[in-house]
Amino acid sequence: MDNMLCQYVFPEFGSPRGHMRARACWVLHYFSEIKFKQEAVLAEAVRLTTNALLTDMDLPVKVEAAIALQMLLNAQDKVQKYVEPQIKPITLELLKIIRETENDDLTSVMQKIVCTYTEQLMPIAVEMCQHLAKTFSQVLETDEGSDEKAITAMGLLNTIETLLTVMEEQPEIIAQLQPTVLHVVGHIFSQSVMEFYEEALSLVYDLTSKNISPDMWQVLEMMYQVFQKDGFDYFTEMMPALHNYVTVDTPQFLSNENYILAMFNMCKSVLTGDAGEDPECHAAKLMEVIILQCKGQIDQVCQPCKYG
């Protein structure tokens, strides 16, 4: 296989025909799991693929190169060290291609790179997040209801969440990412883009899992408005973030009576409405958490809330 790649595939990376260069990347994609007998051949495969991604003038070639690079990273442990020296330009180029093509396959490539090179990407994490957020807005603006656009937008949101997850032990970076992520969440909630509520609520959960900033407390108010407007069916998805608001910063939660009343009103609506067994269990659990977490500190608020 090494000889086959060297003799027939590698030369096509220099072909004057764009479709042949793209096909060469495609072949490496589908042969990425072979056992290379010579590490030098694997290194050359990575070099050619990376070069195609960074320098080729034809967009289809860049897309195929990006996917091939992901498959090589998945299948070959030794690839990581060859890609690492150029990971920043590779990542920035990939972000650019994602915006130009709105290709969902490329968001998967980005997620793989973020998970593999977390430490190396810390210096450009904010730039990455801003790029992903702008591309998400672009996709929404051009979305004509097509499933493909929706899948791409969802992939972008999942990539932002991946970025938050891998950076969770870096509070300074999370603080810098937060305004951009909040802009995305605010867009989804304010425009009632219900198909992305679940992903938006996951982002809120990520941003409230360790500490809760003043801006995030405003998001709780926004979540309550969303619940009242059209988010009744999403209470189960809201539950992890609501749990954070009660337990991560209990003193701040107790400092504003409206926070407690909002939680109570949501639980009451679910329990007295026709939400179904699962949401009702979550509502009961949330009330239990509030009572146990805030024992003796919510009596004045709860007193007028009793109902039969």
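The following dialogue examines how several terms are applied to this predicted model.

Trainee: What makes the length of helix α4 close to the expected one?

Mentor: Helix α4 covers residues 59-75, which is 17 residues. The expected span is 1.5 Å times one less than the number of residues, so the expectation for α4 is 24 Å. From its first C-alpha to its last, α4 reaches 25 Å, close to that value.

Trainee: Which residues of α4 are buried, and what do they pack against?

Mentor: The buried residues include Val 61, Lys 62, Val 63, Ala 65, Ala 66 and Ile 67. Further along α4, Ala 68, Leu 69, Gln 70, Leu 72 and Leu 73 are buried as well. Their packing partners are α2 (18-30), α3 (39-55), α5 (79-83), α6 (87-101) and α7 (104-116).

Trainee: Why is Lys 62 called buried?

Mentor: Its relative accessible area is 9%. Buried means under 20%, so Lys 62 meets the condition.

Trainee: How do you know that Lys 62 and Glu 93 form a salt bridge?

Mentor: A side-chain nitrogen of Lys or Arg must lie within 4 Å of a carboxyl oxygen of Asp or Glu. For Lys 62 and Glu 93 the N to O distance is 3.0 Å, so the pair qualifies as a salt bridge. This pair links distant parts of the chain, with Lys 62 in helix α4 and Glu 93 in helix α6, 31 residues apart. Glu 93 also counts as buried, at 14% relative accessibility.

Trainee: How many salt bridges are there by this rule?

Mentor: The count comes to eight. One of them joins Asp 58 to Arg 21, whose closest N and O atoms are 2.8 Å apart. Asp 58 lies in the loop between α3 and α4, whereas Arg 21 belongs to helix α2, so the pair ties together parts that are 37 residues apart in sequence.

Trainee: Are Asp 58 and Arg 21 buried or partly exposed?

Mentor: The two receive separate labels. Asp 58 has a relative accessible area of 32%, which lies between 20% and 50%, so Asp 58 is partly exposed. Arg 21 has 12%, which is under 20%, so Arg 21 counts as buried.

Trainee: What makes the contact between Glu 39 and Lys 78 a salt bridge?

Mentor: Their closest N and O atoms are 3.3 Å apart, which is within the 4 Å limit, so the term applies. Glu 39 is in helix α3 and Lys 78 in the loop between α4 and α5, 39 residues apart. Glu 39 is partly exposed at 28%, and Lys 78 is partly exposed at 45%.

Trainee: Where is Glu 102 found, and why is Glu 102 called buried?

Mentor: Glu 102 is found in the loop between α6 and α7. Its relative accessible area is 11%, under the 20% limit, so Glu 102 is buried.

Trainee: What makes the pair of Glu 102 and Gln 138 a polar contact?

Mentor: The side chains of these two residues make a polar contact at 2.8 Å, and the limit for such a pair of N or O atoms is 3.5 Å. Among the other residues that Glu 102 touches are Ile 97, Val 139 and Thr 142.

Trainee: Which residues other than glycine have a positive phi?

Mentor: Glu 102 is one of them, with a phi of about 50°. Ser 192 also has a positive phi, near 55°, and is found in the loop between α11 (171-190) and α12 (197-207).

Technical notes: Residues are numbered from 1 along each chain as its sequence is written. This is a predicted model: local features need pLDDT of at least 70, side-chain atom pairs count only at pLDDT 80 or more; totals for chains, interfaces and linings use all residues. Side-chain values use heavy atoms; hydrogens and water are left out. Helices (H or I, at least four residues) and strands (E, at least two) are DSSP runs, numbered from the N terminus. Buried means under 20% relative accessible area, exposed over 50%, partly exposed in between (1.4 Å probe, protein chains only). Contact means heavy atoms within 4.5 Å. A polar contact is a pair of N or O atoms within 3.5 Å; within protein, one must be able to donate a hydrogen and the other to accept it, and residues adjacent in sequence count only if both atoms are side-chain atoms. Lists of a residue's contacts leave out its neighbours within four places in sequence.
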